[in-house]
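Grab a coffee and open the viewer: here are a few short exercises to work through by eye. Try each task before you read the solution.

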Amino acid sequence: MRRISVLTSGGDASGMNAAIRAVVRTSLDNAWEVFGVRRGYAGLIAGDFIALGARDVGGIIQLGGTMLGTGRCHEFETDDGRAQALRNLRQKEIDALIVIGGDGSQHGSCLLSQTGFPVVGIASTIDNDLYGSEITIGVDTALNIALESIDRLKVTASSHRRAFLVEVMGRDCGYLALMAGITGGAEVVVIPEVEVQPEQVAKELRGAYERGKAHAIAVVAEGARYNARALSAYFQEHQERLGFELRVTTLGHVQRGGAPGAFDRLLATRFGVAAVRQVETNECGVLVGLLKGKVAATPLMDVMSNRKALDSQLFEVSRILAQ
Ligand code: ADP
């Protein structure tokens, strides 16, 4: 019999609950005991464990967020913080820890795993910036939420012949903005990876009307140098010369709150089952993700030392299809 622990860390992503449920029920099927850790690494340092049975994870697969809570914990970034977490895991006689989270969280899980403690990561972030997984838990749902807003804005934009700017999440990574731009039919996409000047945005939006379009929409990532705030200030300052107004919608945290769609529920379930299998076969120190369409494990060391680059061809696709 083994005792296994699971936590969610960093930014919440829709589908985390489905992953927790899969970890718990697969472990129970192995006749293992499962303990959830509340509030991510902060709970690990505080020793905040709760026993989880099959019924405790009932009715959560359809819920966004995470039943265990999540958070950011700077103490875990210190040697002392991680040593305390390790003491709690040992005191509770936990044999392995599963960490559901994004880039930062998996950095933490890698450091913990380097101490020799068995850790398995599950790729979960709406940013989709994690090396070792083509797509991560929460991306699809967040994208669909952004898309729904863009589709609606397009209706009103067409009626009034107005230019709209939609800002989506993505501090360092423009994946969500680029995919929302392509699938929402935006006229221009602004992402952190490619600097676009405000004059260029204005030119693309004006060009859309000149080509006979009834709407002009820009999708912008929050982390781009010219994000909603910067572009809005620029357009206000130059409104007379540019000859049109820009209406700004910032989606913000609304993108996180949705109920996970079928894709995220299934992905999270597959990841959760696979993470338990890694513990079962004593193949820890890895991140469970999706590679070439299959669930696969990548050493956490590789996850830490590599960055997933945005597919630059897709940026070109967004430009071509905006004609
Ligand atoms: P995400 O996992 O969504 O990328 P964060 O980057 O905020 O979210 O990271 C979540 C938590 O992971 C942090 O609050 C911290 O506890 C831990 N973490 C992040 N970076 C490191 C690091 N370099 N070393 C140790 N722990 C880290």
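**Exercise 1.** Decide whether G257 is buried or exposed in this predicted model, and find where G257 sits.

*Solution.* Start with the accessibility: G257 has a relative accessible area of 62%. The cut-off for "exposed" is over 50%, so G257 counts as exposed. Next, trace the chain: G257 is in the loop that runs between β9 (246-250) and α10. Finally, look across to A13. Along the chain, G257 and A13 are 244 residues apart, yet their C-alpha atoms are separated by 8.2 Å.

**Exercise 2.** Now step into helix α10 (residues 262-280) and work out whether V276 is buried or exposed.

*Solution.* First, the location: V276 belongs to helix α10. Second, the number: V276 has 0% relative accessibility. Buried means under 20%, so V276 counts as buried. For a distance check, pick G40, which is 236 residues away along the chain; C-alpha to C-alpha, V276 and G40 are 19 Å apart.

**Exercise 3.** Find what the side chain of H215 touches, and classify H215 by accessibility.

*Solution.* Go to the loop between α7 (198-210) and β8 (216-221); H215 is there. Its relative accessibility comes to 14%. That is under the 20% cut-off, so H215 goes down as buried even though it is in a loop. Now for the partner: the side chain of H215 makes a polar contact of 3.4 Å with the side chain of E187.

**Exercise 4.** Check the phi angles of A31 and R39. What is unusual about them, given the general trend?

*Solution.* Begin with the background: most residues other than glycine have a negative phi. A31 goes the other way, with a positive phi near 65 degrees. R39 also has a positive phi, near 60 degrees. Then place them. A31 is in the loop between α1 (16-29) and β2 (33-37), while R39 is in the loop between β2 and α2 (40-46). Last, accessibility: A31 is exposed at 51%, and R39 is partly exposed at 38%.

**Exercise 5.** Classify G47, then say how far G47 is from Q323 in space.

*Solution.* Look in the loop between α2 and β3 (49-51) for G47. With a relative accessible area of 32%, G47 is partly exposed. From there to Q323, the C-alpha to C-alpha distance is 56 Å, with the two positions 276 residues apart in sequence numbering.

**Exercise 6.** Describe how the protein holds the ligand: which residues are closest, and which polar atoms face its oxygen atoms?

*Solution.* Start with the site: the ligand sits in the largest pocket. Count the shell next; 15 residues surround the ligand, and the closest are G11, R72, C73, G104 and S105. By type, the shell has 4 nonpolar, 8 polar and 3 charged residues. Helix α4 (residues 103-113) gives the largest share, 6 residues.

Now zoom in on the oxygen atoms of the ligand:

- R72 places a side-chain N or O atom 2.4 Å from a ligand oxygen.
- C73 has a polar backbone atom 2.6 Å from a ligand oxygen.
- G104 has a backbone N or O atom 3.0 Å from a ligand oxygen.

To finish, look at the cover: of the 550 Å² of accessible area that the ligand has on its own, the protein covers 82%.

Terms used: Residues are numbered from 1 along each chain as its sequence is written. This is a predicted model: local features need pLDDT of at least 70, side-chain atom pairs count only at pLDDT 80 or more; totals for chains, interfaces and linings use all residues. Side-chain values use heavy atoms; hydrogens and water are left out. A residue is near a molecule or strand if one of its heavy atoms lies within 4 Å of it. A polar contact is a pair of N or O atoms within 3.5 Å; within protein, one must be able to donate a hydrogen and the other to accept it, and residues adjacent in sequence count only if both atoms are side-chain atoms. Accessible areas come from the Shrake-Rupley method with a 1.4 Å probe; for residues, only the protein chains shown count as cover. On a 1 Å grid over the protein atoms alone, a cavity is a set of points where a 1.4 Å probe fits but cannot get out, and a pocket is an open set with protein on both sides within 12 Å along at least five of seven lines; lining residues have an atom within 4 Å of a point. A molecule sits in a cavity or pocket if more than half of its atoms lie within 2 Å of its grid points. Helices (H or I, at least four residues) and strands (E, at least two) are DSSP runs, numbered from the N terminus. Ala, Val, Leu, Ile, Met, Phe, Trp, Tyr, Cys and Pro count as nonpolar, Asp, Glu, Lys and Arg as charged, and the others, Gly among them, as polar. Buried means under 20% relative accessible area, exposed over 50%, partly exposed in between (1.4 Å probe, protein chains only).
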